[in-house]
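Colleague: I have a few things I would like to go through on this one, if you have a moment. Could you put it up first?

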Amino acid sequence: MYGRVGADNVIIVGGQLDVALLWQHTPNDTAIVTLGSDNSSIDELGYQWLLSRKRVIVAMDADDSGIATANKWLATIPQAIVAPTWPIGKDAGELWQNRGNNGVIDWLNSLSQ
């Protein structure tokens with residue numbers, strides 16, 4: 001997780017590069033988190049922290065593993081919702097490679113609509 005422990009909003013992503021790319025463009029009330037891989041599990045403290053957040057957005061990779069992991073989050077965190085699909089590529093990294101910071105910012109802006 002990139003700082004912002006007291007953040008009201010959380011975006012859960014698949015990997016550390018996704019965290020770094022999104023974090024630099026999000027407001028202070030939003031934390032970006034990853035477990036590092038689709039097969040990792042969250043500890044009780046992290047789980048309780050997520051449960052106490054106002055909004056949890058799941059933005060996993062657009063592949064079979066990411067979809068399965070997103071479904072696990074949705075079943076685990078009652079207030080979790082799935083983010084809009086990546087407009088290009090399977091994750092924030094591929095979006096950035098193809099559309100740069102503007103593509104990442106546009107995608108983040110779509111979360112508030």
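Modeller: Here it is, and please keep in mind that this is a predicted model. A good place to begin is helix H1, whose buried residues pack against strand E1 (9–13), strand E2 (30–33) and helix H4 (92–110).

Colleague: Which are the buried residues of H1?

Modeller: In helix H1, which covers residues 16–23, they are Asp18, Val19, Leu21 and Leu22.

Colleague: And which residues touch the most other members of the largest nonpolar core?

Modeller: Those are Ile11, Leu22 and Trp107, in a core of 16 residues. At least two residues of this core come from each of E1, H1, strand E3 (55–59) and H4, and H4 gives the most, with five residues.

Colleague: What does isoleucine 11 touch, not counting residues up to four places away in sequence?

Modeller: Isoleucine 11 touches Leu22, Thr30, Ala31, Ile32, Val33, Ile57, Ala59, Leu108 and Leu111 on that count. Apart from the core just described lies another one, of 14 residues, which includes Val10, Val58, Ala70 and Ala80.

Colleague: Changing topic, where does tyrosine 47 lie? And why is it called partly exposed rather than buried?

Modeller: Tyrosine 47 lies in helix H2, residues 44–51. Its relative accessible area is 23%, and because buried means under 20%, tyrosine 47 counts as partly exposed.

Colleague: Leaving aside neighbours within four places in sequence, what is tyrosine 47 in contact with?

Modeller: Tyrosine 47 is in contact with Ile42, Thr76 and Ile77. Isoleucine 77 is 30 residues away from tyrosine 47 along the chain, and their C-alpha atoms are separated by 8.2 Å.

Notes
Residues numbered from 1 in each chain as written. Predicted model: local features only at pLDDT ≥ 70, side-chain atom pairs only at ≥ 80, totals over all residues. Heavy atoms only, no water. Helix = DSSP H or I, 4+ residues; strand = E, 2+ residues; numbered from the N terminus. Buried < 20%, exposed > 50% of the residue type's maximum accessible area, 1.4 Å probe, protein only. Contact = heavy atoms within 4.5 Å. Core = buried A, V, L, I, M, F, W, Y, C linked by side-chain atoms within 4.5 Å.
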